[in-house]
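Here are three short exercises to work through with the model open beside you. Try each one before reading its solution.

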Amino acid sequence: MDWYMMNCELLATCSALGYLEGDVYHREPDCLESVKDLIRYLRHEDETRDVRQQLGAAQILQNDLLPILVQYPQEKVLFDAVIRLMVNLTQPALLCFGKVPADATSRHHFLQVLSYLQAYKEAFANEKVFGVLSEKLYNLLQLDWEQRQEEDALLIERILLLVRNVLHVPPDPTEEQQGVDGDASVHDRVLWALHISGMDDLLKFLASAQVEQQWALHVLEIISLMFREQSPEELAAMGQGTAGAEHGEDTRELQSLRQREMAEKRSRALQRTSRHSRFGGSYVLQGVKSIGDRDVVFHKGLHNLKSYSHDLGKEPRRLPRRRQPAPEAEPSRRSARNVRLFLRSFCQDFLQDCYNRLMLLVKDQLVREKAQQHDETYYLWATSFFMAFNRLQGFRPELVSETVGVRAFHFIEQNLTTYYEMALMDKKEATTWARRMHLALKAYQELLRTLQEMDRCPEQAVRDSSQVIKSNIFYLMEYRELFLTLFRKFDETKQPRSFLKDLVETAHLFLRMLERFCRGRASLVVQSKRVRRKKKKKAHVPAVPAPPSTEELEQLWEGLAPQVQACLEGEVPLPEDVVPFDATSETPVEEQRAEALLRIQECLRDSRVPQALQLLRSAREVWPEGDVFGSADVGPDEETQLLREILVAALPRHTPTEPEEPEEDEEEEDEEEEEQTMQVSEKEFNFLDYLKRFACAPVVRALVLLLRGYARNSARTNHCAARLLHRLARDLRMEPLLFQLSLFALFHRLLSDPAAAAHQELVTLAKFILGKFFALAATNKKAFVELLFWKSPAIVGEMTQGYSSLQEGEGTTRSRVPPWTPQEEQELRELYWKYKEMEGGDIIAAILAQLPSPGRTRRQVVKQLVRMGLASSAKDFPRERKGTRIVLWTQEQEEELTRLFEEFQGSDDVLGNIMKHLTARRSRARVVEKLLGLGLVAERKELYKKRRRKSQGHGPGQAAPGVPAMPAQDSSGEDEDSEEEEEEDEDDEGLTEERWVPEEGAGQDLAQHLHGEGLAGPLRWLQSCLRRAAEDREEDGVSHPVPLVPLTEENEDAMEDRRFRNLLRQLGLRPPASEQESFWRIPAALTPQQLRRAASSITYHGPSGSPQDLPEPPRCPQDGAAEPLMAALGSDSESEEPVPVPVPVPSPVLARTKRRREVASEDEDEDEDGGSSGTEPPPPAPRSEEDEDEDEEDPQPRGRRKRIRCLEEEEEED
């Protein structure tokens, strides 16, 4: 920008600052006011940043502001104003413009401001400037917290911001290209000036001081900008040897380049003949066709034959911008040796004194959201950089203990997942989110490498800590699925190649650590999460009420006639806001006319005569044609007659559409909604099963993309990529997964490379894969065609085992639809042409009725017609929706329905059998309504599907007559899936609602079976609860539901046993009805006699076959008094004298309920039930006062008190 184009007021303000004479700056009297005016001008600049550009072109900062800062530091007000102005002028260009502008004009202004910032940075490479700033900052930090004023804190913050802004200025690309590694760049000179002034020591003090916590994020941001162009590997290698040893890496690179050059020279020498090439001649390339049918004629020497291609001379195709690879981040640059030594010393001191404390403060501010947006990127960078430096510079885990642990893994994984999700959602800023994702990935990689170093540490405590961290990381599913997700969603247009390199290296390290962790253990249990989709039926549309009969309408008209007459005579005013026609509606005019008739009829039936009459007259004006609403000169008598006809007319009404019955699984998905719930479980981990997750096309494609630049990759990167491919091919025995043309082209380039000896591992892998391919191609000729496609494990199985394996049901992607044979296709084609011209009918229904092959569904036929080209899409065959028009039942159909009902009335599934044998296809709702209308059933419950009932005595595990049959129990019942139990519970809820009562002997066989399997204690507890409930209902005369509360672990385990719950259902007990209930309950509908029969049915029968009463447990939840034990168990059935039983000591664990009742002897229960009695129970032993006091003093356990509170609350609610 030309100086003479500067704004006059701005020029006058700059002139009033002062002037520079030699090295001395003479300031004007209005210098302070001029600085404040410049700050005011910058505050009101436009979107092009014109003031900033003019000040940059005038070099105000270099010629005026910096000299004022250096020569007048003692004038506090002027110093503060100059610092404020310089902070504003050095503000990053991205903050000024918000983002990099897209249009050319704005981008020009952006680049202009950036060039001025680079000039500012070069001016700050001055030891005097940083010396003044360091001295001022030191004096401010010397003040105690009580003496420090608010303006002092602002000045500290502005100095830190000024240093941040100067270090943030990006380097000039032209300058970087001219220089070489080892030269001092502008950034290096700024760092050296910062070091000479002592600013680095002040930064370390701010990071470690207890009272300077508020500057933690500022300090971390400045440190990250200081090490922006450095790599921890190079800094850690500094000072470990002589200068010649430090350049060992450069020497090795030069040797590899020289070897490549010499190999190319030797290959060219072997191709060149001894004769000169002035007579090259022409050659015919057999097998290579030219434009026509002849072979290509080659007019060059034979040494150029290998470089021949049909693309020679063609203009390369331009790659669109949206498909261009993402640009790489700023490359690392080797600074001057003295700068690297200073930075290395700074890293050592920072790790020793500041790292753990500073990272703790920063993370606390990030978690509490006290930082600015995206400040966590500085935390991620510091984690990866300093942990890498510590690992390479004599590993000491105590120096980085703050960022080593499960919490650090969780924090980084959480941010990495957030960046990944935002990159998918925010498409415009996907590149920016990818950079942040790269920072998080490098931090994650460094954490894994630190764990690896901890495993090698000689201290046992450090190795144990590493094992604990790894067990937590490998247990959680999120950490195992992270790399699979990143591989599958890798996009080279959004994520740079360096991201892919770090991803491959991190995944290789994670797999190796996981494999070694599993190898040292017999079994590893990990967490598994599975999304369970529970289908929820859509709510049915309520049925339309039946229309009124003719008699009811006549009676209604007799009551409406006087009102109609009053309205016609004008005694009742008519409303004026009645509109029969809506011009903005998408409904056709004819349908609106029918709706107007329905509205008139509804008004009459609702006794709204004025609205009906006004609506009739308004509709007559809108639709005068046809005299539907009467003629124009209609009289009062004719209007009265017209209203009466509309009232009694059977007008067609729109009935709500009903959901159709699903024909197959695919159609059922449309009729049902899915509820997703996350189920967390544990399973035994298998490393090979986890490795199979990587056997997919996205992972192989990403590895091939990385290996395309094998010559530029480091040896470690090529090793990690080759090892991953080797795992997929060799460990999983899926060599065909790598049979891909792009990979083979890479192998061809590698094997023909003269310097291939430097990549021996890749050469070995290429020869192995090629050998497997040609061995397979000898038996499978289609392998050459398979080279064109990426493959999945199922396709790999097809290639090796045969292409018919999937059709036989061995593959995972096998379709459930059987294939169409040529004969079936021909029959389908003939049927389609036969019924194509059918009018008013369903073509697909007619084809399904005549199709010879059974089992075909409507959707399968439609898809095959589209596939054969007979139809353009499935929309050509719209399904006829049910409920769109009134379908009447004919007399023959009603007789058929009556006959089918009488035939299947005694079956378990009446409605299902009727639907199977019904000739006319109708929905279940229609059939149920018709059965109710014909009076064949009184309510819908009679049509519910019934559980099968079996008679008593058919074998073990079978139920008594009148009781729902339960399946025979075996040892495999305990291993059934929990989902089957939940479905069974849902099915049994319907049976409970029917309130069926148990018959005599219900559950007897199942109770004997459970007694033999060691559930005698819970059975005794259940029997005692039933008898006490019967006695309570006889005493109180009132029946209410009684919950069954298990107070012992044995009873709790029994209540979780599926077979024990089946017994409870057979006895008529009710499971928890909702989430508010926790316990099973004895229903209020069961009488005392039924409860005693149920208790008698679970009586244990001894070996002789005679019934033996089960001894009662010490305590029941419905009774708080102590009960004596029965002497039946363990006694001889032939003995005449009862066996004495010792009196049990009451346990303090047993709960005390609100009510205490006395329980009658077992003989009375036996007499009432009519059963034989066993031995007579002894009377309860007297209890001493010490025992009673001991019972009162012993508190209840916490779990028991909680259950008692639940029981008391439920009893109060009941």
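**Exercise 1.** Find how far helix 40 (residues 891-903) reaches from its first C-alpha to its last, and work out which residues are buried and where they lie around the axis.

*Solution.* This is a predicted model.
- Start with the span: helix 40 has 13 residues and reaches 18 Å between its first and last C-alpha, close to the 18 Å expected at 1.5 Å a residue.
- Next, pick out the residues with under 20% relative accessible area, which count as buried. In helix 40 they are Gln893, Glu896, Leu897, Leu900 and Phe901.
- Now look down the axis of helix 40: its buried residues fall within an arc of 135 degrees, so they line one face.
- A rule helps here: an α-helix has 3.6 residues a turn, so residues three or four places apart point the same way.
- Finally, turn to the face away from the buried side of helix 40, where the exposed residues Gln891, Glu892 and Glu902 sit.

**Exercise 2.** Describe how strand 3 (residues 283-289) and strand 4 (residues 295-298) are paired and joined.

*Solution.*
- The two strands run antiparallel and pair over four bridges.
- Five residues form the hairpin connection from strand 3 to strand 4.
- To locate a facing pair, find lysine 289, which stands opposite aspartate 295 in strand 4.

**Exercise 3.** Which residues make the nonpolar surface patch of about 390 Å², and is phenylalanine 789 buried, partly exposed or exposed?

*Solution.*
- The patch is made by Leu741, Val785, Leu788 and Phe789.
- Place phenylalanine 789 in the loop between helix 35 (783-786) and helix 36 (793-801).
- Its relative accessibility is 47%, so phenylalanine 789 counts as partly exposed.

Terms used
Residues numbered from 1 in each chain as written. Predicted model: local features only at pLDDT ≥ 70, side-chain atom pairs only at ≥ 80, totals over all residues. Heavy atoms only, no water. Patch = residues over 30% accessible without salt bridge, like charges linked within 9 Å, V, L, I, M, F, W, Y side chains within 5 Å. Areas by Shrake-Rupley, 256 points an atom, 1.4 Å probe, with all protein chains shown as cover. Salt bridge = Lys/Arg side-chain N within 4 Å of Asp/Glu carboxyl O. Buried < 20%, exposed > 50% of the residue type's maximum accessible area, 1.4 Å probe, protein only. Pairing = 2+ DSSP bridges. Expected span 1.5 Å × (residues − 1). Arc of directions from axis to C-beta.
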